[in-house]
Amino acid sequence: MRILIALSLVAGPAMAQSTTNICPEPADHSAELDSLISAARDAKNEGVGRDVSGKMWEVWLRAPNDQAQEVLDRGMQRRNSYDFAGAFKDFDKLAEYCPTYAEGFNQRAYIQYLQGNYEGALVDLDAALVLLPNHVAAQSGRALTLMQLGNLDAARVQMLEALENNPWLSERALVAKDAPLGPKGEDI
């Protein structure tokens, strides 16, 4: 009996620690995001559209728990300070710790994009979009990445999908006539 008590005292803290190192499933924000996508589509001007875009970011940046939020926030601070190596480490840790939280992959993709690792960025953007198909920032980021890889047709399709969900994206200029992702074949 004493051995069992001793084992439980030794194993207890280790077991408690391991359960706190498990990232919970992200909350389901799909109804909130669907509402924001509708609001973006219905926005009457760019100011309103940008406000809705900011609200989308507030949803995407809600990590599943305090530990994940701390890593995300630190990574964002590092990214904003141009410490891309440090930010990548944080977002890598976040993606590993919370493999069902799309924003860890989206932010890691952004760092890779900034560093010119478009193939790596595309892998992470695809992962983010599997987890959260209407993640407008990941959609537009994927379009930009495909554009950098020279796949303009796929980039255009992806950007149009992003703009369907939020017509106020600054990247919308890329699909205008004579822009890199603009309509083709109208000259003749």
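## Cavity and salt bridges in a predicted model

The largest cavity has a volume of about 30 Å³, in a structure that is a predicted model. A search of the whole structure for cavities of 30 Å³ or more finds one. The lining of the largest cavity is made up of Leu152, Asp153 and Arg156, together with Pro180, Leu181, Gly182 and Lys184. Sorted by class, this lining of the largest cavity comprises three nonpolar residues, three charged residues and one polar residue. Rolling a probe the size of a water molecule over the atoms shows where empty space is left.

Charged side chains also form pairs in this model, and the structure holds eleven salt bridges. Side chains of opposite charge can pair when their charged atoms come close. Three of these pairs are set out below, each with its N to O distance.

| Acidic residue | Basic residue | N to O distance |
|---|---|---|
| Glutamate 32 | Arginine 62 | 2.9 Å |
| Glutamate 46 | Arginine 172 | 2.9 Å |
| Aspartate 126 | Arginine 142 | 2.6 Å |

In the salt bridge between arginine 62 and glutamate 32, the two partners belong to distant parts of the chain, 30 residues apart, with glutamate 32 in helix H2 (residues 30-42) and arginine 62 in the loop between helix H3 (46-60) and helix H4 (66-80). Arginine 62 has a relative accessibility of 34% and therefore counts as partly exposed, and glutamate 32, also at 34% relative accessibility, counts as partly exposed.

Which parts of the chain does the pair of glutamate 46 and arginine 172 tie together? Glutamate 46 lies in helix H3, whereas arginine 172 lies in the segment after helix H9 (152-165), so the salt bridge ties together parts that are 126 residues apart in sequence. Glutamate 46 has a relative accessible area of 33%, which means that it is partly exposed, and arginine 172, at 29% relative accessibility, likewise counts as partly exposed.

The salt bridge between aspartate 126 and arginine 142, whose closest N and O atoms are 2.6 Å apart, links helix H7 (residues 118-131), which holds aspartate 126, with helix H8 (residues 136-148), which holds arginine 142, the two residues being 16 residues apart. Aspartate 126 is partly exposed, because its relative accessible area is 31%, a value that falls between the limits of 20% for buried and 50% for exposed. Beyond these pairs, Arg74, Arg78, Asp83 and Asp90 are joined into one network by salt bridges that share partners.

Note on methods: Residues are numbered from 1 along each chain as its sequence is written. This is a predicted model: local features need pLDDT of at least 70, side-chain atom pairs count only at pLDDT 80 or more; totals for chains, interfaces and linings use all residues. Side-chain values use heavy atoms; hydrogens and water are left out. On a 1 Å grid over the protein atoms alone, a cavity is a set of points where a 1.4 Å probe fits but cannot get out, and a pocket is an open set with protein on both sides within 12 Å along at least five of seven lines; lining residues have an atom within 4 Å of a point. Grid points are joined across faces, edges and corners, and a volume is the space filled by probe spheres set on the points. Ala, Val, Leu, Ile, Met, Phe, Trp, Tyr, Cys and Pro count as nonpolar, Asp, Glu, Lys and Arg as charged, and the others, Gly among them, as polar. A salt bridge is a side-chain nitrogen of Lys or Arg within 4 Å of a carboxyl oxygen of Asp or Glu. Helices (H or I, at least four residues) and strands (E, at least two) are DSSP runs, numbered from the N terminus. Buried means under 20% relative accessible area, exposed over 50%, partly exposed in between (1.4 Å probe, protein chains only).
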